[in-house]
Amino acid sequence: MSFFGFSLKSRRPSSAQTAKDRLQVLLAHERRGGSPSPDYLPQLQSDIIAVIRKYVTVEDDGVDIRMENGQEVSSLEINIELPSRTTAAG
Amino acid sequence: MTTQLTEEPPKGKVIVITSGKGGVGKTTSAAAISAGLAKRGHKTVVIDFDVGLRNLDMTMGCERRVVFDFINVIQGDARLKQALIRDKRIDTLSILPTSQTRDKDALTKEGVEKVLDELKTEFDYIICDSPAGIERGAQMAMYFADEAVVVTNPEVSSVRDSDRVLGLLSSQTRRAETEGADPIKAQVLLTRHDSARIDTGEMMTVEDVLEILAVPLLGIVPESKAVLRASNVGTPVILDGPSNAAAAYEDAVARLIGEEVEMRVLAERRPNLFHRLLGRTA
């Protein structure tokens, strides 16, 4: 009902709606892959380290993988900490 | 204990949040207590021990940011640093989520010890959110604990399970098995407390529960609408605006770190003006 420009329902999104939205996003990922974080990530990480090592020396913990699962897309953020030139030279 | 000015940072303290019975508020309490400690500036990490049924991530609102988990770290597939999720609200708070799929046997005593030892070098408080029951996940969550918070509802099966868990804390843990070690300091956190139902004699009182369990009381958290709201939005209740539940958790956190805070029973409903005029404040 929204006669006279106001509705009987509160405009403010309810916390219950937030809960439902969060569950829908999460469960969509979980049902598809069994887990929101795919199992290939550890392997992906070691492969990335192996490739980088062909060119530069990186520590095992110099690679940081972050994932953000969204409703439309998921993004994978990979940060590689390269040794600074100064320390490499000196 | 409360001195913050010592030069040597204190070695991280491991606190398990446990209960035996499910649904009494372990994860809610683990989230609230860890957020409360972090809010006070203590470097805090909260670990989910419920392998296979991850839920702490949702309560903390970081479910979309999980990449690696506790089991990945134990199995050497990821570094601890990579699995830790830094809370976006408080920078002294981190979350170590559990695995969703892998089997419970992955939680080895050696693996858990190694992770906890590494966390102890970096964090002041390590909060272990135990799964319900007394199986492997619950055993591992309590094994290395220095202190325990036993979450109990004033209800028969919860009190019975709490008693059982208190027995395990004093027998099946490293402190219990190590000769000369101080026993785990266990305290009861009474949750879903309903003053109105206690007044009518429907619910056991705090004194009743403490008389049976015979351990100190950490706090009394009232049954509160704020708890469901906070979990809906993925925010620890202590960070989700003022509420009686949040105030009760703040008190509990203060006591946990050794402050003297007078015990108070916060009711969900405030006495109305009429009651106040009659001087019938609860």
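Q: What percentage of the residues in chain A is buried?
A: The model is a predicted one. Chain A has 90 residues, and buried here means under 20% relative accessible area. The buried share of chain A is 27%.

Q: Which pattern does chain A follow along the sequence?
A: The secondary structure of chain A consists of 3 helices and 2 strands. Read along the sequence, these elements give α-α-β-β-α.

Q: Which helix of chain B gives the most to the largest nonpolar core?
A: The largest nonpolar core has 57 residues, and Leu96(B), Leu119(B) and Leu169(B) touch the most other members. Leu169(B) has contacts that include Val16(B), Met142(B), Val150(B) and Ile184(B), leaving aside residues up to four places away in sequence. With 5 residues, the helix that gives the most to this core spans residues 156–169 and is H7 of chain B.

Q: How are H1(B) and H12(B) oriented, roughly parallel or roughly perpendicular?
A: Helix H1 (residues 26–39) and helix H12 (residues 244–256) of chain B pack with their axes 9 Å apart, at an angle of about 65°. Angles of 65 to 115 degrees count as roughly perpendicular. Therefore H1(B) is, relative to H12(B), roughly perpendicular.

Q: How many residues of the contact of H1(B) with H12(B) are nonpolar?
A: On the H1(B) side the contact includes Ala32(B), Ile33(B) and Leu37(B), and on the H12(B) side Tyr249(B), Val253(B) and Leu256(B) are among the residues met. The contact also holds 3 polar and 2 charged residues. The nonpolar residues number 6.

Conventions: Residues are numbered from 1 along each chain as its sequence is written. Chains are lettered from A and ligands numbered from 1 in the order in which they are written. This is a predicted model: local features need pLDDT of at least 70, side-chain atom pairs count only at pLDDT 80 or more; totals for chains, interfaces and linings use all residues. Side-chain values use heavy atoms; hydrogens and water are left out. A nonpolar core is a set of buried Ala, Val, Leu, Ile, Met, Phe, Trp, Tyr and Cys residues joined through side-chain atoms within 4.5 Å. Buried means under 20% relative accessible area, exposed over 50%, partly exposed in between (1.4 Å probe, protein chains only). Helices (H or I, at least four residues) and strands (E, at least two) are DSSP runs, numbered from the N terminus. Contact means heavy atoms within 4.5 Å. Axes are lines fitted to C-alpha atoms, for helices over the stretch in contact, and angles run from 0 to 180 degrees between N-to-C directions. Angles under 35 degrees count as roughly parallel, over 145 as roughly antiparallel, 65 to 115 as roughly perpendicular and the rest as oblique. Ala, Val, Leu, Ile, Met, Phe, Trp, Tyr, Cys and Pro count as nonpolar, Asp, Glu, Lys and Arg as charged, and the others, Gly among them, as polar.
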